[in-house]
Amino acid sequence: MKAPEGMFDESVIYVTKQGAQVQVDGGRIVIWDVDGDEGELASFPIEKLDTINVFGGVNFSTPFVARANEHGIVLNYFTQHGKYRGSFVPEKNTIAEVRRAQYDLSRERELDIARQMIAGKIRNARTLLSRKGVRGTDVLKDLGVRTESDATKDDLRGTEGEAAERYFQLLDETLADGWMFEKRTKRPPEDHINSLLSLTYVFMKNEVLSALRQYNLDPFLGVLHADRHGRPSLALDLQEEFRPIFCDAFVIRLVNRGVVNHDDFRKDNRLSDGAFKTYLEKFEDYMNEELTHPHFEYTVTRRKAVRQQAILLRKAITDELDEYHPLTFAR
Amino acid sequence: MSTPQTIGQRDTLVPVSALNEFVYCPRRFYYQHYHDEMGTPYELVDGRSKHEKQSQRGGWITERYFRAAELSLHGKIDLIESDGDLLTPVERKRAESGQYFPSDEIQLAGYCMLLESAIEEPVNVGYIYLYKTDERYAIQITESHRETVRKIIDKIQSLSVDSIPPLTDNPKKCEACSAREYCMPAETARLEPEKARGTGWEGQI
Ligand code: SF4
């Protein structure tokens with residue numbers, strides 16, 4: 001099967017240079033070093049971009065923001081260390097018919113979609129472990145089957161919890177010497193591995209947010225994660241299937257290949273400035289890396305695969321497809 | 001969903017350009033209309049053409065907006081050739097292939113019908129101009145063209161958000177279709193083969 005011509009490639013850019021300003025010049029977006037004297041740092045054709053992530057002290061010119069609004073470009077703000085601060089979301093990103101379908105989803109339909117997502121996550125967890133030669137994943141297999149009979153969202157959350165626990169117990173075996181994964185800790189991450197996992201989940205969440213917004217789904221209305229004020233529940237839902245196979249796999253790669261060392265962390269377990277830049281570069285490379293799509297058999301970048309899932313989710317929500325088809329890797 | 005909304009309820013008039021889009025692929029039309037861009041803001045075009053009210057004698061009239069409630073049709077005609085009393089709409093096409101399509105003829109027929117309703121005189125000929133070859137074709141607008149236009153308007157007006165048109169019967173069209181990435185015809189045929197049944201995508205995978 002032939003892949004459709006892509007416009008997703010390089011659709012996301014990251015600006016980390018402190019004191020930089022994002023401007024427009026004709027049809028191009030120009031990153032300018034206004035504080036220093038490096039001049040033009042980079043430029044991109046405006047119609048290709050859909051997301052700009054900025055870190056710390058980066059500014060936007062007013063004409064640029066107007067243009068971003070016109071072209072549907074989402075701006076995500078992070079602190080210099082990658083903590084998410086907020087977003088500028090262009091006006092055109094609300095298409096009534098799609099939103100209506102999303103708000104009108106029945107409980108059963110939500111549960112159906114959520115089941116597919118969690119089953120997909122468990123499948124991918126097993127695949128990641130087996131790719132790394134880890135045994136003892138039969139429990140995960142059983143839990144994957146159990147999702148089918150979970151009759152409520154709470155049941156499903158329970159199954160997911162058990163699977164996550166089992167999976168994280170086994171994750172340790174995938175790490176090179178000198179690295180340990182004891183248990184998953186979030187706020188704050190208590191060790192270097194947890195810190196890398198948390199960071200990667202934030203970045204993936206933003207990939208998913210961009211994808212949902214591009215297709216006009218409301219990221220704050222979830223199918224499984226409870227809707228809490230300010231929490232992008234649908235993004236968290238859709239992120240589930242990517243966690244093991246994309247996020248965790250990325251972190252394992254970083255530490256096993258020695259791209260990130262223990263020395264790269266500060267006392268609070270966060271990456272040092274230099275290491276964070278390296279991390280960003282690697283993450284970007286990783287999302288642009290191509291793989292053979294497991295269901296469609298053509299080559300896609302990871303970023304594109306994620307965006308296609310947003311489309312498939314939207315098709316399930318608007319009833320164009322009967323089911324949500326998660327991105328699962330069987331091997 | 002509770003009350004299916006039809007396009008007819010939302011916009012009472014159908015833009016002429018929609019005829020062409022619908023003939024190309026009703027599904028793509030559905031996407032454009034319900035899921036993505038909502039099309040040209042016609043009010044704006046309308047406003048602009050008011051400034052150009054003074055008609056010319058001989059030569060060209062450009063960018064003129066028309067609406068015809070009795071046809072349920074509206075739209076902007078980019079170019080009208082005026083030769084004495086005779087007005088002839090011209091539809092210009094980039095047409096990389098060097099040829100025009102039946103859907104272009106239908107669009108032109110729509111323009112002719114709009115124009116004749118405005119000037120209250122029959123307009124039975126229109127031109128299709130191809131940039132690529134710098135050639136102009138005179139198209140005789142027949143009753144069957146008109147009938148097709150009316151039928152498509154009907155179909156467009158009864159289109160409902162709850163029923164997505166099937167994949168095209170001609171997968172070749174998908175190759176050049178701007179909605180392809182979103183529509184995912186081949187992927188749909190693979191994930192849910194029953195959705196491709198009876199379309200051109202059946203058996204393609
Ligand atoms: S990709 Fe093919 S089926 Fe889909 S809208 Fe375009 S032409 Fe129609």
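Me: Which element gives the largest share of the lining of the largest cavity?

Reply: Helix α3(B) does, with three residues; helices are DSSP runs (H or I, at least four residues), numbered from the N terminus. This model is predicted: local features need pLDDT of at least 70, side-chain atom pairs count only at pLDDT 80 or more, and totals for chains, interfaces and linings use all residues. Residues are numbered from 1 along each chain as its sequence is written, chains are lettered from A and ligands numbered from 1 in the order in which they are written, and side-chain values use heavy atoms, leaving out hydrogens and water.

Me: How many cavities of 30 Å³ or more does a search of the whole structure find?

Reply: Rolling a probe the size of a water molecule over the atoms shows where empty space is left. A cavity is a set of points, on a 1 Å grid over the protein atoms alone, where a 1.4 Å probe fits but cannot get out; lining residues have an atom within 4 Å of a point. Here the search finds six. The largest has a volume (space filled by probe spheres set on the points) of about 100 Å³. Its lining has 14 residues, with B:Cys25, B:Thr168, B:Cys174, B:Cys177 and B:Cys183 closest to the centre. In chain B, α3 (26-35), α7 (172-175) and α8 (180-183) each give two or more residues to this lining.

Me: What takes up the space of the largest cavity?

Reply: The ligand does. Around the ligand (a heavy atom within 4 Å) are B:Cys25, B:Arg28, B:Leu167, B:Thr168, B:Cys174, B:Cys177, B:Arg180, B:Cys183 and B:Pro185.

Conventions
On a 1 Å grid over the protein atoms alone, a cavity is a set of points where a 1.4 Å probe fits but cannot get out, and a pocket is an open set with protein on both sides within 12 Å along at least five of seven lines; lining residues have an atom within 4 Å of a point. A molecule sits in a cavity or pocket if more than half of its atoms lie within 2 Å of its grid points.
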